[in-house]
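Subject: Structure handover and findings

Dear colleague,

I am passing on the structure below, together with an account of what was found in it. Please read the notes alongside the coordinates.

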Amino acid sequence: MARQISYQTEFGLAAPQAYARVSRFNSDGKTLRFNVDIFANETARRTDKRPLESQQFELPMPQVAFEPVKTCYEHLKTQPAYATGTDV
């Protein structure tokens, strides 16, 4: 599971097929924290290249049973940089 997005690095490098993948998550029972690694594309991810960037997000823990990874991706879809991306 990942999001394909159009991404531009802080140095101006364009990655029109960037591959954003939740790399890890944890919770203290109240807050869900997760990291997203952004790769130039899916091939870069699959061939163990280093991510262009890693971003961290946090949100309140849902009060109902949930699937952590799915919850992370659903949250990403609400963020402007990820909203127009596609699930891959």
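Within the protein chain, confidence is highest in helix 1 (residues 42-46), at 98, and lowest in helix 2, at a mean of 93. Please bear in mind that this is a predicted model, and that for the protein chain as a whole the mean pLDDT is 94, with 98% of its residues reaching 70 or more. As a general caution, the predicted coordinates should not be read in detail where pLDDT is low.

Helix 2 and its surroundings

Helix 2 spans residues 68-76, and among its residues Thr 71, Cys 72, Tyr 73, His 75 and Leu 76 are buried. The cover over these buried residues includes strand 1, strand 2 (14-27), strand 3 (31-39), strand 4 and helix 3. His 75 is one of the buried residues, and, once residues up to four places away in sequence are set aside, His 75 touches Phe 34, Phe 57 and Leu 59. The side chain of His 75 also makes a polar contact with the side chain of Gln 79, at 3.4 Å.

Salt bridges

How many salt bridges does a search of the whole structure find? The search finds six, and Arg 3, Glu 74, Lys 77 and Asp 87 are linked in a network of such bridges. In one of the pairs, Lys 77 forms a salt bridge with Glu 74, where the closest N and O atoms are 3.5 Å apart; in another, the side chains of Lys 77 and Asp 87 meet at 3.0 Å, N to O. Because Asp 87 lies in strand 5 (residues 86-87) while Lys 77 lies in the loop between helix 2 and helix 3 (80-83), this latter pair ties together parts that are 10 residues apart in sequence. As for their exposure, Lys 77 counts as partly exposed at 27% relative accessibility, Glu 74 is partly exposed with a relative accessible area of 40%, and Asp 87 is partly exposed at 47%.

A further salt bridge is formed by Asp 28 and Arg 33, with the closest N and O atoms 3.7 Å apart. Asp 28 is partly exposed at 48% relative accessibility, and Arg 33 is partly exposed with a relative accessible area of 26%.

Lys 30 and Met 61

Lys 30 is found in the loop between strand 2 and strand 3, whereas Met 61 has its place in the loop between strand 4 (53-60) and helix 2. Is each of these residues buried or exposed? Met 61 has a relative accessible area of 14%, which is under the 20% limit, and therefore counts as buried; Lys 30, with a relative accessible area of 68%, is over the 50% limit and therefore counts as exposed. The two residues nevertheless touch: leaving aside neighbours within four places in sequence, Lys 30 is in contact with Leu 59, Pro 60 and Met 61. With residues up to four places away likewise left out, Met 61 touches Ser 27, Gly 29, Lys 30, Thr 31, Leu 32 and Phe 66.

Two separations may be useful if you wish to check distances in your own viewer. Met 61 and Asp 37 are 24 residues apart in sequence and 21 Å apart in space, C-alpha to C-alpha, while Lys 30 and Val 69 are 39 residues apart in sequence and, again C-alpha to C-alpha, 16 Å apart in space.

Surface and backbone

On the surface, Met 1, Phe 25 and Val 69 make a nonpolar patch of about 290 Å². Met 1 is found in the segment before strand 1 (3-8), and with 60% relative accessibility Met 1 counts as exposed.

The last point concerns the backbone at Asp 48, which has a positive phi of about 60° although Asp 48 is not a glycine. For context, most residues other than glycine have a negative phi. Asp 48 lies in the loop between helix 1 and strand 4, and with a relative accessible area of 65% Asp 48 is exposed.

With best wishes

Definitions and conventions:
Residues numbered from 1 in each chain as written. Predicted model: local features only at pLDDT ≥ 70, side-chain atom pairs only at ≥ 80, totals over all residues. Heavy atoms only, no water. Patch = residues over 30% accessible without salt bridge, like charges linked within 9 Å, V, L, I, M, F, W, Y side chains within 5 Å. Areas by Shrake-Rupley, 256 points an atom, 1.4 Å probe, with all protein chains shown as cover. Salt bridge = Lys/Arg side-chain N within 4 Å of Asp/Glu carboxyl O. Helix = DSSP H or I, 4+ residues; strand = E, 2+ residues; numbered from the N terminus. Buried < 20%, exposed > 50% of the residue type's maximum accessible area, 1.4 Å probe, protein only. Polar contact = N/O pair within 3.5 Å; in protein donor to acceptor, adjacent residues only side chain to side chain. Contact = heavy atoms within 4.5 Å. pLDDT = per-residue confidence, 0-100.
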